[in-house]
Amino acid sequence: MKITSKKVDDLNQVLTVNVAADDYADARKKKLAELQRKAEVPGFRKGKVPASMIEKWYGESALGDAVNNVVGEALQNYLQEKKLEIIGEPLPSEEKVDQEWKAGNDFVFNFDIALNPKVELTLDKKDEVPAYNISVGDAEKKKLADVYKAQQKDAKEPLSDEEIDKKVAEQLAYEYEQASQFRLEKDIRDLAVKKAGLKLPEKFLRRWLIAANEGKFTPEQIDKDFEGFLEDYRWQLVMAELTRQFEIKVENDDLKEEAKNFARYQYSMYGIATPPEDALEGFAKNILQDQSNLQRLFENVQARKVIAAIKEKITVKAKKISADKFRELK
């Protein structure tokens, strides 16, 4: 079997796989033999159905299975040998090759592949992001205070105006501190992604997403969220490179603590502010046993560590802003 590559541009290639009859003959023969052993046909003992009948009934499907298997294996070996970091998986080229699907023939298949762009990124103190100190207006304070006062009408431990003002100040300070921190992390990610200036093979990515999500999302749904996907994909590439640059490690203890934090959040949703430690341990253990949860926790810890490392390299400058102006930020 022969595989050749044609460069379309820096990120896109077409792989041509030439399959000779000898490449798939053994695989097809084994498939037909397997079908013959399992075949149960009236008038014949199991496994004794004539090969000619098996060939007539299953010859074409056996050919398809055999060719697809040897092509898939050859592609995988080629990508590993060439050490190509591809996006997703090879896709059959949109331009089909006319050929007769018949045992004994040679076949030619074209596949499109796309490569991840190389990430080159250097950060220093000249790079600056704002850390917003959000001031809250009197109108917003009064609005929240009115909510608290309305809740006090039927209370037996009603709060004084001074106590309400204190609760309002604490709640708004907490909410805007969280919002400010979230915004800072977003701006740090955006800075790193912008500096990397990554170009992506967008046409291939769209095709791959549609193929990978067939039956789950329509092409229209994928198009709607495509720009957001591109930004997230760029960040994933940048994060992987910075993880390497900064020699960041995600340890088992990191994952356990992240799982416990998630467990605390879940308990808080049910009004349990301080759950027992053994309950947290058990909850966290169950979370870590699920592979999808484990991957999500890993990515959360990795992202947080990368962002913390970026903050050490750049300049984070405090900036005062009103709540109204903060909400207007894009």
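In this predicted model, the axes of helix 4 and helix 7 come within 9 Å and cross at roughly 85 degrees. Because angles of 65 to 115 degrees count as roughly perpendicular, helix 4 and helix 7 are placed in that class with respect to each other. On the helix 4 side, the contact is made by Arg189, Ala192, Val193 and Ala196, and these meet Glu231, Arg234, Trp235 and Val238 of helix 7. Sorted by class, the residues of this contact comprise 5 nonpolar and 3 charged, with no polar residue in the set.

Both of these helices turn up again around the largest pocket, to whose lining helix 4 (161–196) and helix 7 (226–245) each give two or more residues. Helix 8 (252–269) and helix 10 (291–313) do likewise. Of these contributors, helix 10 gives the most, with 7 residues. The volume of the largest pocket is about 410 Å³. Its lining is made up of 16 residues, and those closest to the centre are Glu185, Glu258, Asn300, Ala303 and Arg304. For readers who like to think in terms of side-chain chemistry, the lining holds 7 charged, 6 nonpolar and 3 polar residues.

The second largest pocket encloses about 280 Å³ of space. Here 14 residues form the lining, and Val14, Glu94, Asp112, Lys203 and Arg207 lie nearest the centre. Strands take part in this case: strand 2 (12–19) and strand 4 (107–114) each supply two or more lining residues, as does helix 5 (202–212). The lining of the second largest pocket divides into 6 charged, 4 polar and 4 nonpolar residues.

A closer look at a single side chain rounds off the picture. Val71 belongs to helix 2, which spans residues 51–82. With a relative accessibility of 6%, Val71 counts as buried, because the cut-off for that class is under 20%. Leaving aside residues up to four places away in sequence, Val71 touches Met1, Val17, Val19, Phe109 and Phe111. Two of these partners, Val17 and Val19, fall within the range of strand 2 (12–19), while Phe109 and Phe111 fall within that of strand 4 (107–114). Strand 2 and strand 4 thus appear both in the surroundings of Val71 and in the lining of the second largest pocket. Along the chain, Val71 and Ser52 are 19 residues apart, and a distance of 26 Å separates their C-alpha atoms.

Conventions. Residues numbered from 1 in each chain as written. Predicted model: local features only at pLDDT ≥ 70, side-chain atom pairs only at ≥ 80, totals over all residues. Heavy atoms only, no water. 1 Å grid on protein atoms, 1.4 Å probe; cavity = no way out; pocket = protein on both sides within 12 Å on 5 of 7 lines; lining within 4 Å. Points joined across faces, edges and corners; volume = space filled by probe spheres on them. Helix = DSSP H or I, 4+ residues; strand = E, 2+ residues; numbered from the N terminus. Nonpolar A, V, L, I, M, F, W, Y, C, P; charged D, E, K, R; others polar. Axes fitted to C-alpha atoms, helices over the stretch in contact; angles between N-to-C directions. Parallel < 35°, antiparallel > 145°, perpendicular 65-115°, else oblique. Contact = heavy atoms within 4.5 Å. Buried < 20%, exposed > 50% of the residue type's maximum accessible area, 1.4 Å probe, protein only.
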